[in-house]
Amino acid sequence: MDKKQFAADLIEIYAAEARDHLEETERLVTELDPNGDYAKTIDRIFRMMHSVKGGAFATSLNNLGKVAHGVESILELIRDKTLKPSAELNPVLLEAVDLMIAMITDQENYGEKTGIDDVLAKIQTVLPTSKTDSTAKGAAGTSGEDSLGYEIFYREPVAAEPVQASAAPTPQPPAPRAETAAPPAVNEERLHATEPAPVVHNTAAPKDNLPPAAKGPSTIRINVDMLDNLMRLAGELVLIRNQFKLLPKENIQARANAQRLDVITTEIQSQIVEARLQPLSNILSKIPRLVRDLGRKLDKKIEVVISGEQVELDKTILETLTDPILHMIRNCCDHGIEVEDERLEKGKPATGKITIHAYHEGGLIHISMRDDGRGMSPQAIRKKAIANELRAPHEINAMTDAQVLDLIFIPGFSTAASVTSVSGRGVGMDVVKTSIEKLGGAVEVSSTLHVGTEIILHLPLPLAIIPCLIIRCGGDRYAIPQVNVIELVFVDPKTVGQRLENLGHQEVFHIRGHFLPVVRLRSVMQLPDASDGAVSFLAVLRAGTRWFGLIFDEVAGTEEIVVSAMHNKMKGISVYSGATVMGDGRVALILDALGIMEYSGLHTFDNGTGFIRTQKRAKLNETSLLLFKMGNSEQFAIRKIDIKRVVELDLGSIHEVGNDRFYTVDGVSIQVFGQKYLREYDPAESHRTYLIILKQGEERVGIACSYLTDIGDFVLDLTPERTKDRGIDASILVNEVLTLLIDAPSLVATHGEGL
Amino acid sequence: MSAADIQAETSQYCTFKIGTQLYGIRLREIKEVCQNVHLTPIHLSSRFVTGCMNLRGKIHLILDLPVMLGRAKEPIQSENRVIILRDAIGEAFGIKVDEIIGVRDGADSSTQLINPQSGDEPLNEHIHKDLVYGVCKLQSEILLILNAHLFLDFI
């Protein structure tokens, strides 16, 4: 490897470590409380700064080194009690650290081209002027270079013998206390090394030798790619284990081995998954600083309390979460927390409080962000939603206050009176929701006006190897992640007709007093209905916070599967979230509950459970009807839920058996009602005729008609007719036309005499 | 590639039948050939996709070459084969063909590049036109050479 490559690699290694130090320093400095016990913290920061400085100069990142040195000087003085952290001092420290972070992130020059004079000047103003040996310019009394031609950056008193004893100048670890009065023996640290060789050693050594150094957990840096590889291999191991499970029971030895393999594989799996876990504190630690800055900027007093930051999440989830969480905090500070005066008026404490709490529960990770600010006004949201035409007015008025709050997640929504530079552009919350849902999670919001708001994020535990429900549909197998499955319902074929209904345009399933919207997986896959039309299994699925039912053919079991991504070209099909190789070597596709729901255009009515509560009432007011005419006679109406299908009728193909007429559709003989009309039918008239096939249990009947007038939802004003026993329910006014509403059951019972 | 280049090319072709017509793709574009595979259908995908299969733990997407060449979609049969193509052509994918005939050497026969724009193209299917980029006259039959690089563009 050539020198240049070596140097570049070295800088990269150094930069990664320096970055960690700097970010930790930033966190510690933010929390620096002048009235608290900060000695240990200062020590810690000092050690890190020293390490950063040493490495910087050794890799010839002089700018960085100079700033680090400046910070170190301040810290030194704090350590020997010359200076104290204060409202004047802390910001300077922070600014310097921020600058260093910016520099280290600049992967082209690592800050060599960055202007540092401003920050250095600020550091100078903070330092007491009588002490000069801590500055970058040299020892007390001397400035610039000393007689040996080296720029002195650090002095420390050392006894003479060790210096004379050592053959070559070796870097000495800095003692906990640096004496400012310079005794005769001076040790200079050769920080301007041209050979990078000893550098890495430099940065490591001081930490090891320091007496008060806390022994942290021994860690090692590895590449994320390596972890991903291990994950993949663990996945292959799971595949082999699954194949072992299929062995016949008689082979005892093999089964025993398989069991042991099982135990070990599961452990390897979970260890690797754990390796990718990182604590939430990675994100949450940034919040106190953010809140402080915003508080100052907006002139509000805000404090933040965080708990549960040790909760761990998969690395990729964590990365995706950062922006949404920070956005929500910004929102909270900007719109949620009121200014001091307003708060005092309301009888609240002057300082607004944001509480963040993360915890495990029910197989998910929950992150709750609560504030005691002004809360959200359902009224204001309703107004805004109507004004921005996000929903129709009658829909909005039908919503409960709790449901209205969800409107904030619609793209283009914003109740901010003015778009501030902090937030309020109306592009935030919908992106937040989408990002969270893409991770398989959900967002929930609740609020009380004047009291406060709470937003909870629900996130699934680490991915890649997940337990699934395996189902069959149309001869193929599919996997549904268990995290999406609420419950399985076996539907008795005898009673299914009563429990499965049409409500408006949506098929729903009646379960424990509620109506659950359902999707037939066969229709999603564009397969014909099952031959006997029987519904046998229904899974109640959860997608985000919405629930729905999925009807499929049969359950094939549960299985822990390895998730493989769909082929790139197939990624656009939203109903699949991936694929997996099953124990028998065949591929099964993994269903995406949210994708299925969206694909089916599912109409859900309640954000909480997806159950419809208010629709029962709506049924009385509005009904879906098909209006039709038979010849020139009156207009008829039939409820949409009574209709199975409408097909075109070829009058010439109707055959008569006695007094009854029959027509064949798809090989099935349907009895045709509408005798009166058919008798009157004039073949010369060239209009089309239709057959409305009714859905009445086992019966195969249909009504012939000449003209389909309309289909839609109408408010029924029923005047019961005496002719109900002949199949007519009532005569009603539909759009001011007198219409006879057909009662399908009695029509069938009376063999269509009423028509 | 000019016609002259093709003639000078000594590449070998893996030939297979789709219906009664013989087609081929260059041998070096092929990774392997599988038989008796189980294909899992991907409903809602385009009609050019037969499904996906497991090959040593990795899931491959298999395209329906007969459909791409304008024929009707048919379920997989025992004499059908799946040709997996090299990563350079496309990642983790292959094609289903009716029957593999064998390897043919293109050097000892006359090969001609078809200009897709030419009006005297006997095959009408637009799709077909794009995929065939050469014609090779073998001793007893015509071999149509397909451009494997275009396969994935169909979906």
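This passage describes the interface between chain B and chain A, and then the salt bridges, in a predicted model.

In the interface, 21 residues of chain B are in contact with 24 residues of chain A, and the two chains bury about 1700 Å² between them, with 69% of this area on carbon and sulfur atoms. Of the area that chain B buries against chain A, 38% is supplied by His43(B), Leu44(B) and Ile59(B), more than by any other three residues. The elements that give two or more residues to this side of chain B are strand 4 (49–55) and strand 5 (58–64), and strand 4 provides the largest share, four residues. By residue type, the side of chain B that touches chain A divides into twelve nonpolar, six polar and three charged residues. Between the two chains, six residue pairs are in polar contact (both at pLDDT 80 or more), whereas zero salt bridges are found across the interface.

Over all chains, the structure holds 26 salt bridges. One of them pairs Glu24(A) with Arg44(A), whose closest N and O atoms lie 2.9 Å apart; this pair links distant parts of the chain, joining helix 1 (residues 3–30) to helix 2 (residues 39–58) of chain A across 20 residues. Glu24(A) is partly exposed, at a relative accessible area of 21%, and Arg44(A) is likewise partly exposed, at 38%.

In chain B, Arg26(B) forms a salt bridge with Glu29(B) at a closest N and O distance of 3.9 Å; Arg26(B) is buried, with a relative accessible area of 12%, and Glu29(B) also counts as buried, at 7%. In chain A, salt bridges that share partners join Glu338(A), Glu342(A), Arg343(A), Lys346(A), Lys348(A), Asp372(A) and Arg374(A) into one network.

How values were computed: Residues are numbered from 1 along each chain as its sequence is written. Chains are lettered from A and ligands numbered from 1 in the order in which they are written. This is a predicted model: local features need pLDDT of at least 70, side-chain atom pairs count only at pLDDT 80 or more; totals for chains, interfaces and linings use all residues. Side-chain values use heavy atoms; hydrogens and water are left out. Contact means heavy atoms within 4.5 Å. Buried area is the accessible area (1.4 Å probe) that two parts lose on being put together, summed over both. A salt bridge is a side-chain nitrogen of Lys or Arg within 4 Å of a carboxyl oxygen of Asp or Glu. A polar contact is a pair of N or O atoms within 3.5 Å; within protein, one must be able to donate a hydrogen and the other to accept it, and residues adjacent in sequence count only if both atoms are side-chain atoms. Ala, Val, Leu, Ile, Met, Phe, Trp, Tyr, Cys and Pro count as nonpolar, Asp, Glu, Lys and Arg as charged, and the others, Gly among them, as polar. Buried means under 20% relative accessible area, exposed over 50%, partly exposed in between (1.4 Å probe, protein chains only).
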